[in-house]
Amino acid sequence: MISRRMPKQDMTRATDLPRPSRPEQHLQSWEVPVSLPDGEFIAHILEPESTSLMQIMRQLRSGTYQKPFVLEDGEFRQLHFGLRYMQSRMRLASPDELSFAYTREMMAFLLFRPEPSHILILGMGGGSLSKFCYQQLPGTRITAVEIDRTVIELSHLFEMPEPDGRLQIIHGDGAEFVKTANAGADVILVDGCDKHGIAPAFREAAFYEDALARLKVDGVLAVNLVGSVTRVGKLKRLINEVFDGASCVLPGVAENNQILFAIRRGTWPPDANDSLDRADILRRRHGLPFIQYLRRLNIPAQDDTDRI
């Protein structure tokens, strides 16, 4: 059975940031049953009313469909940027949990900044981190920047909260936003990827220099590093240099991700005893294994902060 729904009201807020151009279209939200190599799914897509759904189904099956889409199998709802590239996943029975290991481990930024007033998220995707931070950190404002409008329009399928005084969702280029925005941030989470790994805009030294300038003192940058060993290694060295050695990596994350944390120098490295006490408090408060994260982080010794 194929059903058509009107798209949910746009959740973006007004911003001075230039937005990527896109032809005006009257899109409909479609639910399409589709048989794929991994099983039977309902596909959620945004396409004009005149679209040939048979052609779309063939493209979904062959992996040639070019736009973001959502697959649902009765247990999970998944945001895809291609048949083999799943960007976000939500368990329908537990929509608020962080389903992917790397998203849980990005929350280790709380070890360095446990009560941030403002978090900037670059690359919203299905909104897992935005939603978790919104619910777990009630005193925090969250700004999520997403370059793909279709991703924003599909985000209601992942039970994202409506924008309010604490949550702002912006359609725009994350790197450009960091460069031009006036407000500072306590935390910047970078989770912008494509089929080949971390997005090109987040591989440049200029971006990390802008991020350093945007962070407040003792502010934290957390980057989801995914891609080839060579590219990831180059990025680690680049970020460590920009942040003057105040960085560390959470290695061995599932789904082939590594998480890099960099601190705008105030207190670095952190005191080991204080960090352990903080990890235990965070574990009890947020239900994530922060003590394990702390033990796995390669935080350098006081006299070794120039190497990573």
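Two strands are said to pair if DSSP finds at least two bridges between them, and in this predicted model strand β10 (residues 185–190) and strand β13 (residues 215–225) pair in the parallel sense over five bridges. Both strands belong to an open sheet of seven strands, and the points below describe that sheet, the helices that lie across it and the nonpolar cores.

**The sheet**
- The seven strands follow the order β9-β8-β7-β10-β13-β15-β14, and their pairing is mixed.
- At the edges stand β9 (167–171) and β14 (247–250), each of which pairs on one side only.
- On average, and with direction ignored, neighbouring strands of this sheet are turned by 15 degrees against each other.
- Within the pairing of β10 and β13, Leu189 has Ala222 of β13 as its bridge partner.

**Helices across the strands**
- Helix α3 (residues 128–136) lies across β7 (118–122), β8 (141–146), β9 and β10, and runs at about 170 degrees to β8.
- Helix α6 (residues 205–214) lies across β7, β10 and β13, and its direction is at about 145 degrees to β13.

**Nonpolar cores**
- In soluble globular proteins, nonpolar side chains tend to be buried together.
- The largest nonpolar core here has 43 residues, of which Met107, Phe109, Leu111, Phe112, Leu189 and Phe261 touch the most other members.
- A second, separate core holds 30 residues, including Leu122, Phe207, Leu215 and Leu235.
- When its neighbours within four places in sequence are left aside, Phe112 is in contact with Val220, Cys248, Phe261, Ile263, Trp268, Pro270, Arg278, Leu297 and Ile299.

Key: Residues numbered from 1 in each chain as written. Predicted model: local features only at pLDDT ≥ 70, side-chain atom pairs only at ≥ 80, totals over all residues. Heavy atoms only, no water. Core = buried A, V, L, I, M, F, W, Y, C linked by side-chain atoms within 4.5 Å. Buried < 20%, exposed > 50% of the residue type's maximum accessible area, 1.4 Å probe, protein only. Contact = heavy atoms within 4.5 Å. Helix = DSSP H or I, 4+ residues; strand = E, 2+ residues; numbered from the N terminus. Axes fitted to C-alpha atoms, helices over the stretch in contact; angles between N-to-C directions.
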